[in-house]
Amino acid sequence: MKAYLVLYNLLSAGGWAYVLALAVSCLQKNVEPAEAWAKFGQPLAIVQSAAFMEILHSLFGMVRSPLIVTAMQVSSRLLLVWGVTYWVDICQAHWSLYLMVISWGLVEVPRYLFYASSLTMSSVPYPLFFLRYSLFMVLYPTGISGEYLQMFTSLSYWSSAIPMWHRMLIVIMLLYIPASPFMILSMAANRKSANKKRAQASNPRPLDGLVWPITNKKTNDRSTSKTNKAIWVAAMEGVDPKVAAKAKKEKNWRYGYVKHVEANVRTSLSSPENALSIASAGLKSAHGMFEFVRNGKSMPFDEAMKTITGSFKSKTIRGAGTTNLKKNPTLKVPYAGQCGKPYYLYKKDRANTIEGVELKAQLKKWVDYGVIEADCADAITNCVDNPGWLDLSQHYFVLLGASSAMGPIHVLLELGANVIAIDIDREFVWQKLIKLARSSNGTLIFPVKDSVENAKLDTMDDGELAKVSGANLLAQTPEIATWLCAVCPEKKITIGNYTYLDGALHVQLSLACDAIMSKLAAAREHLALAFLCTPTDCHPISKEAHDQAADQAKKAPMWQKFSPLVKPNALPPVTDSSSGEEIYLCDGISAAQGPNYILAKRIQHWRAIVARSNGHTISSNVAPSTATASVVHNAQFAAAYGGMHLFKPMEVMYQETSNAVMGALLIHDIRNEKAWSHASYKLTNPLQVFQHGSFHGGVWRSAYKITSFGEMSAVAYYLKTYGFFLSAGVVALSGVATWVATGQPEAATNIFI
């Protein structure tokens, strides 16, 4: 594909250079536009028509260019060439022909050379980069002006030749008014982004801490896709070489990884031995492949965790409410929604809490509707019935990524827990955490720089303390692990990973946390590990969940059944090789999430089942789709969430609800010694620890895969929210179309009556 794109861009650049040379030569010789058209008209039509391929390149993901912008640019050019200039002599004779064609040529030659260079060179030469992202400021306005004048000039011809096309051109000319600034501003945004990326590339941050490994020694390239795939292949090779070979042959790992993840899960579910072997091999390969850089020197990550020493000093803050902590606190869950209704209708009341009998009743509603699993409701009910479990004053929790939006720090501190917080060493982060701790019922223990003198540490105010607190999980991984091994060594500790960053950094964070957890698990026999599972993953589920998904498919509305987008959620089971038990699964993975997201979560899964096999307690429950500020800030995600209630039994939760219920499940998993979270609880397959206690928000029991109805959900939301304006737009469009087709204003007016 790369060779094809290089060839396409070089041929296009050559074609436009030829057209440009002919046009400039004619202009220099004062050749009349009509005579000039006779020379460059045919090659112009050919090279511009070839640009239609760019729409296909964008449509099929061969390039990153946005489809809508690309289609607008190419279509407008094709319209000008084949719908105006090519057929109209007066356009060919008008001076605006030179303005249009030379503007196009001056833009296109450097553009295509830029694309070819970016495919073949590590860095595009700056002169070419400058031309690509600067010429538009002059040439877009001149080119658009030439296009507009060509259309205007042609109107007199089309009014008699093809009156309908005459009217259509008038509409197009009117659309040029809002569309032209959009195109220019879009390019300006691209210029800003490109300059930023080039500046970063020319002055990259020095490598420090946990980094992706070099995958090409000649170029020192660190391909995340190659390493990502290699880890999955390494995890599978010792168990099922055929499945591993298929993954290894996958050429488009960025979008083709999903089927290989499901294959991995199916192989793991076929026997307990497979699950543990795959998990152990996956973790070993990840720790062995990644590198750790310190002072410019690189070493394998697993070696760094063994050899690098150093630690932090500790600081403890006891909250104002620790002396008045209730002996039997009550579990309260913020919630004001309703099954089958859009979550955003209850935004104002989302802080309202339910407890006791009311909470139990709501749990039953969720179970009956299919929002949560029955054992999840039982677990939360146990917390209601055992208020003593909620006294966490003697319990210690390490929170990796303490300030995470989905983390349990608020719940734990409110219940008097001792929280050992790890978060980035940024002043604003620790100002918030310290303030939270001061007003809480719990105790906050956290690392401070080892260089701070003990006497000074005791006298610092909160502002000074925030400047020296925290630790970098990626750059100081060995030191964090060493410090945590020494903190409260006599206490039973639960360590939870609540970190998240976009893209490749998510894998690095997940692996860093895994190394820390692994070291603590080796040092602390009674360590418990905690994670948050995402519903958009591949999980084992109960037969009841599978059967409800199949039943939902039968009862789904016709508009859902006949949609070509949706995919059935009920998948065939896997048969355990030793017991013969059928284990069902739900594949909620979205290719758009990217392979790095799913690898980061898989590292957590692998660690969970390996640690549980070694006797450690594991709390790793599936959380619901949650309308956090970072998620709904994205308009597309917000729209998809806004329409999900139409796909029974989906329900989106606000962050306050998710924090409370996931916190309750964490407490249950730690406090209830008979729970599935404990190693003594027998499972047919280790992966089934993720099957229990799931608050999936309806994902497992929906008729269709959550990844297949996101677009429909968003459209439904837009129709409901902006229905009036969309209806008005359709009516207006119908009126314009009627006028274009008939030429009779009164016929168009009748549309509005």
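A charge sits over a ring if NZ of Lys or CZ of Arg is within 6 Å of the ring centre and within 35 degrees of the ring normal. Keep that in your pocket, as R132 lies over the face of Y133, at 5.1 Å from the ring centre. One thing to know up front: this is a predicted model. Here's a quick tour, starting with the domains and ending back at those rings.

**How the chain is divided**
- The domain assignment splits the protein into domain 1 (1-202), domain 2 (357-627 + 644-711) and domain 3 (713-750).
- Notice that domain 2 is written as two stretches, 357-627 and 644-711.

**Where domain 2 meets domain 3**
- The C-alpha centres of domain 2 and domain 3 are 47 Å apart.
- The two do touch: six residues of domain 2 are in contact with four residues of domain 3.
- About 370 Å² of area is buried between domain 2 and domain 3, and carbon and sulfur atoms supply 49% of it.
- Sorted by class, the domain 2 side of this contact has four nonpolar residues, one polar and one charged.
- Looking for salt bridges between domain 2 and domain 3? The count is zero.
- Polar contacts do turn up, with seven residue pairs across the interface of domain 2 and domain 3.

**Aromatic rings and a charge**
- The count of aromatic pairs comes to 31.
- One aromatic cluster is made of F114, Y115, Y126, F129, F130 and Y133.
- R132 has its charged end over the ring of F114, 6.0 Å from the ring's centre.
- R132 also lies over the face of Y133, with 5.1 Å to the ring centre.
- Both of those ring partners, F114 and Y133, belong to the aromatic cluster just listed.

Conventions. Residues are numbered from 1 along each chain as its sequence is written. This is a predicted model: local features need pLDDT of at least 70, side-chain atom pairs count only at pLDDT 80 or more; totals for chains, interfaces and linings use all residues. Side-chain values use heavy atoms; hydrogens and water are left out. Domain bounds come from an automatic or database domain assignment. Contact means heavy atoms within 4.5 Å. Buried area is the accessible area (1.4 Å probe) that two parts lose on being put together, summed over both. A salt bridge is a side-chain nitrogen of Lys or Arg within 4 Å of a carboxyl oxygen of Asp or Glu. A polar contact is a pair of N or O atoms within 3.5 Å; within protein, one must be able to donate a hydrogen and the other to accept it, and residues adjacent in sequence count only if both atoms are side-chain atoms. Ala, Val, Leu, Ile, Met, Phe, Trp, Tyr, Cys and Pro count as nonpolar, Asp, Glu, Lys and Arg as charged, and the others, Gly among them, as polar. Rings of Phe, Tyr and Trp (its six-membered ring) pair if their centres lie within 6.5 Å; planes under 30 degrees apart count as stacked, over 60 as edge-to-face and the rest as tilted.
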